[in-house]
Amino acid sequence: MMTLAFLLLAVGGVALWWQRARWSWATVVLALALGIAIFLGDVDFAQTLGLQL
Amino acid sequence: MRLSPDAARVLNLIGVLAMVGVLAGAYVYQFAHQELPCTLCLLQRLAMVAVALGAAMNVTLGPDPRHYGVILVSAALGGAVSLRQTLLHINPFFDTTKGEPTLAATSNPPFGEPVFGLHLYVWGLLLFAVAILAVGIVMLFRGQFDRREPETGAIRRLGHLGVGLLVLMATAEAATTFMECGFGDCPNDGKWNWWLFG
């Protein structure tokens, strides 16, 4: 999932190089959504404030 | 005071190059200390690449409030991750397996070696805070969103260089992340055990 998120940003950068605004927007939004999902999955909400590895 | 579109592009390009430089520094640290980044560390790197991409959108497509929005959302995500990691390690007398305080000093050691006195996740928190502040300051100036001013050739060439470096960095991050984590969860022990070479 993390690899995919970085790949999406790389694709977004390539799209930006070629001035493909829509592709750039789509990939950065997807990458950020994936990043948020990974972060929320990492936090253990069962514990108080998730302060546990 | 007015900020021209080209001046805004140059400021954003400086931001792109600064983020690429920080990510390159993280690689130097990673290989010098032979410490693989944890999941939260990789998320912070992801947020840095996204911040740089938002700035690169301003450089390539022209300054736009929506591009600054990308920077802010990315910096907010990165700041949240950095803050979480800082708080996880802020108390060395906390037993994370039991979820309770303990007098054993090494029960919750900081992750990684400090750089100039601060650990990388604390530096990350500062960096994302600076990015948010910088966007706030830049957005105080009008004129940069005037699309009637065409981009100069030199700015276009420099912009291409910046985006090219960003693409290289994002691709390198994807490659090393895959080498470290493979198709599963990323290791969080900081040891030099790559999935690909395991």
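pLDDT is the predictor's confidence in each residue, on a scale from 0 to 100. You'll want that in mind here, as what you're looking at is a predicted model. In chain B, the mean pLDDT is lowest for strand E1 (residues 94–95), at 71, and highest for helix H4(B), at 95. Averaged over chain B, the pLDDT comes to 87, and 89% of the residues score at least 70. Where pLDDT is low, predicted coordinates should not be read in detail. For the model, the scores are ipTM 0.85 and pTM 0.88.

## Chain A and its second helix

Let's start with chain A. It has two helices and zero strands, and 36% of its 53 residues are buried.

Take helix H2(A), which runs over residues 21–42. How far apart should the ends of its 22 residues be? At 1.5 Å a residue the span should be 32 Å, and the end C-alpha atoms are indeed 32 Å apart, so the two agree.

Now look at which parts of H2(A) are tucked away. The buried residues are Ser24(A), Thr27(A), Val28(A), Ala31(A), Leu32(A), Gly35(A) and Ile38(A). They sit on the same side of H2(A), because they cover an arc of only 130° around the axis. There's a handy rule behind this kind of pattern: an α-helix has 3.6 residues a turn, so residues three or four places apart point the same way.

Turn H2(A) around and you find exposed residues on the face away from the buried side: Arg22(A), Ala33(A), Ala37(A), Leu40(A) and Gly41(A). As for the buried residues, what covers them includes H1(A) (2–17), along with helices H2 (39–61) and H3 (65–89) of chain B.

## Where the chains meet

The contact between the chains takes 27 residues from chain A and 36 residues from chain B. On the chain A side, H1 and H2 each supply at least two residues, and H1(A) gives the most, with twelve residues. Sorted by class, that side of chain A has 18 nonpolar, eight polar and one charged residues.

The largest nonpolar core has 59 residues, and those with the most contacts inside it are Leu9(A), Val49(B), Ala50(B), Ala52(B) and Leu166(B). At least two residues each come from H1 and H2 of chain A and from H1 (5–33), H2, H3, H4 (120–138) and H5 (153–181) of chain B. The largest share, 16 residues, comes from H2(B).

Leu9(A) is a nice residue to zoom in on. Leaving out residues up to four places away in sequence, Leu9(A) touches Thr27(A), Val28(A) and Ala31(A) in chain A, and Val49(B), Ala50(B), Leu53(B) and Ala170(B) in chain B. Thr27(A), Val28(A) and Ala31(A) are among the buried residues of H2(A) you met above.

## A long helix start in chain B

H1(B) has 29 residues and reaches 42 Å from its first C-alpha to its last, close to the 42 Å expected at 1.5 Å a residue. Its buried residues include Pro5(B), Arg9(B), Asn12(B), Leu13(B), Met19(B) and Leu23(B), and the buried residues of H1(B) pack against H2, H4 and H5 of chain B.

After H1(B) comes Gln34(B), whose phi is positive, near 50°. Gln34(B) is in the loop between H1 and H2 of chain B. Phe116(B) also has a positive phi of about 50° although it is not a glycine, and its place is in the loop between strand E2 (100–101) and H4 of chain B.

## Buried or exposed?

Here are four chain B residues with their neighbour counts. A residue counts as buried with 20 or more other C-beta atoms within 10 Å, and as exposed with 12 or fewer.

| Residue | Other C-beta atoms within 10 Å | Status |
|---|---|---|
| Phe128(B) | 25 | buried |
| Leu126(B) | 12 | exposed |
| Gln34(B) | 9 | exposed |
| Phe116(B) | 5 | exposed |

Leu126(B) lies in helix H4 of chain B, and Phe128(B) is in helix H4 as well. What does Phe128(B) touch, not counting residues up to four places away in sequence? Its contacts are Ala75(B), Gly78(B), Gly79(B) and Ser82(B). Ser82(B) turns up for Leu126(B) too: they are 44 residues apart in sequence, with 8.9 Å between their C-alpha atoms. For Phe128(B) and Asn193(B), 65 residues apart along the chain, the C-alpha atoms are separated by 29 Å.

Conventions:
Residues numbered from 1 in each chain as written. Chains lettered and ligands numbered in written order. Predicted model: local features only at pLDDT ≥ 70, side-chain atom pairs only at ≥ 80, totals over all residues. Helix = DSSP H or I, 4+ residues; strand = E, 2+ residues; numbered from the N terminus. Expected span 1.5 Å × (residues − 1). Arc of directions from axis to C-beta. Contact = placed C-beta atoms within 7 Å. Nonpolar A, V, L, I, M, F, W, Y, C, P; charged D, E, K, R; others polar. Core = buried A, V, L, I, M, F, W, Y, C linked by C-beta atoms within 7 Å.
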